[in-house]
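Colleague: Could you take me through some helices in this model? Please keep it brief.

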Amino acid sequence: MGKVNDMKLHTMLLALFGTALLSCMPGFIIPTTMPRGQHADHTHADVPLSAELDPVMPTTTLSSAAFGTLALVLGVATARQRRRNSHITAPRSARVGVAVAASKVECVGIVGSSGAVGQEMLKCLETRKFPTEKVRLFAKRAAGTTVPSVFGDIVVEPFSVEAAQECEIVLMAVSGSFSEEFSPKIMGGAKNTTVIDNSSAFRYKDDIPLVVPEINGEGNSSAGLIANPNCTTAIGAMALWPLHQKYKLKKVLMSTYQAASGAGAEGMAELEDGLAAYVKDGKVSENKVFAHQLPFNVIPQIDAFQENGYTKEEMKVTWELQKIFGLSDDVKVACTAVRVPTLRAHSESITIETELPIDPAEATALLKDAEGVKVVDDPESFLYPMPLNATGQYDVEVGRIRQSLIFGENGLEFFVSGDQLLRGAALNAVIIAEQAVQARAD
Ligand code: 2RA
């Protein structure tokens, strides 16, 4: 075999191996590029990777040898990091649902089940052994297909309010406009259906609870309609809440590093295709989803700019932390949200000023005990939160914990990485559902 053929074979093997390796990694999703309606990053829907009722579901299929090589590098790095972190304990957030084992419902429905969030919801129901007899899946284009699951083979159904109302719990992984129209129609009915909505449609309505279950689930789990927060808020909230309880937040300054998948399957595809084109032709392909080229770049704009100069993504952090934590108006929260060329898991650099003096060692001990938080903070051993490690994990990683040079003994700085499809979407919704099952039994 000639040298060129040898090289081709070598490259193909690398591609195949890289792809196979990634497909074995839980939570590491590589999308096939299936065109959907295009949306610029600043206007994208609030439910990443899930469309109205028939989102693209990324699966592991890569054709480009160049990208396979990239996948190999990413895969090896992830596996290596996982091994280095193998001392870290299993997710504590799993404990939140344990109490529901004694209660059970007949049916849980997922609307928008073929999107990434919908699929992650099913995985969470499975891995957490959700106490239900049956799971029903609703989607448009995927209707009629069969999804094997631990609940048996599930035939995906076309959505109808009547069918969804046959479930006691319905998880909505759809766009804001779809949810706005149908969630109120689904809730209640013969089964007194509880709707848990992952869109932004109801988040800021006074009479709808906005819930991170470990924080304000209690007392909110018997509501007919419960909203899930934006992923950026949910990830930061996990670290901020225990600190707020003990030291009382005065100011929160957040800068985010948000993965391409926050902008949907098209966002991931644009990053991958751009990198593949660069490897092949030395030129990144044209951006359509993001306002600018994402490969080799960072973009300080996510969602639309508001009159005050902040983007909507940034204001969501302010509005939602205020609502979930019940913060008074004199607690100030500000965020700068930035898109970075990673595939999955968002990271956040957070600085806080607190009313009470805050000692980094004491704060670290507090965070180690906090539900849904994993402290990864051993800089000497190069251990700190990173999106590659946070991918596929229930817990949000917190590290780089240090006294703030700005706020002195009343200030702390830290870095957070969390899987936004899990903590920021599917897992959060499923834990809310577990609490709702318990509330129905009480
Ligand atoms: C993003 N947080 O990353 C948004 C998705 N809701 O774009």
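A few questions and answers on helices and the core follow.

Modeller: Residues are numbered from 1 along each chain as its sequence is written. The model is predicted: local features need pLDDT of at least 70, side-chain atom pairs count only at pLDDT 80 or more, and totals for chains, interfaces and linings use all residues.

Colleague: How many of the 12 residues of α3 are buried?

Modeller: Helices here are DSSP runs (H or I, at least four residues), and strands are E runs of at least two, numbered from the N terminus. A residue is buried if 20 or more other C-beta atoms, placed from the backbone, lie within 10 Å of its own; 12 or fewer means exposed, and in between is partly exposed. Among the buried residues of α3 are Val117 and Met121. The helix is mostly covered, with a buried count of 10.

Colleague: What span should helix α3 have?

Modeller: The expected span is 1.5 Å times one less than the number of residues. Helix α3 covers residues 116–127, which is 12 residues. Its end C-alpha atoms agree with the expected span, 16 Å.

Colleague: Which residues outside its sequence neighbourhood, beyond four places, is Ala426 in contact with?

Modeller: Contact means C-beta atoms, placed from the backbone, within 7 Å. Neighbours within four places in sequence are left aside. The partners of Ala426 are Val117, Glu120, Met121, Cys124 and Leu421.

Technical notes. Two residues are in contact if their C-beta atoms, placed from the backbone, lie within 7 Å.
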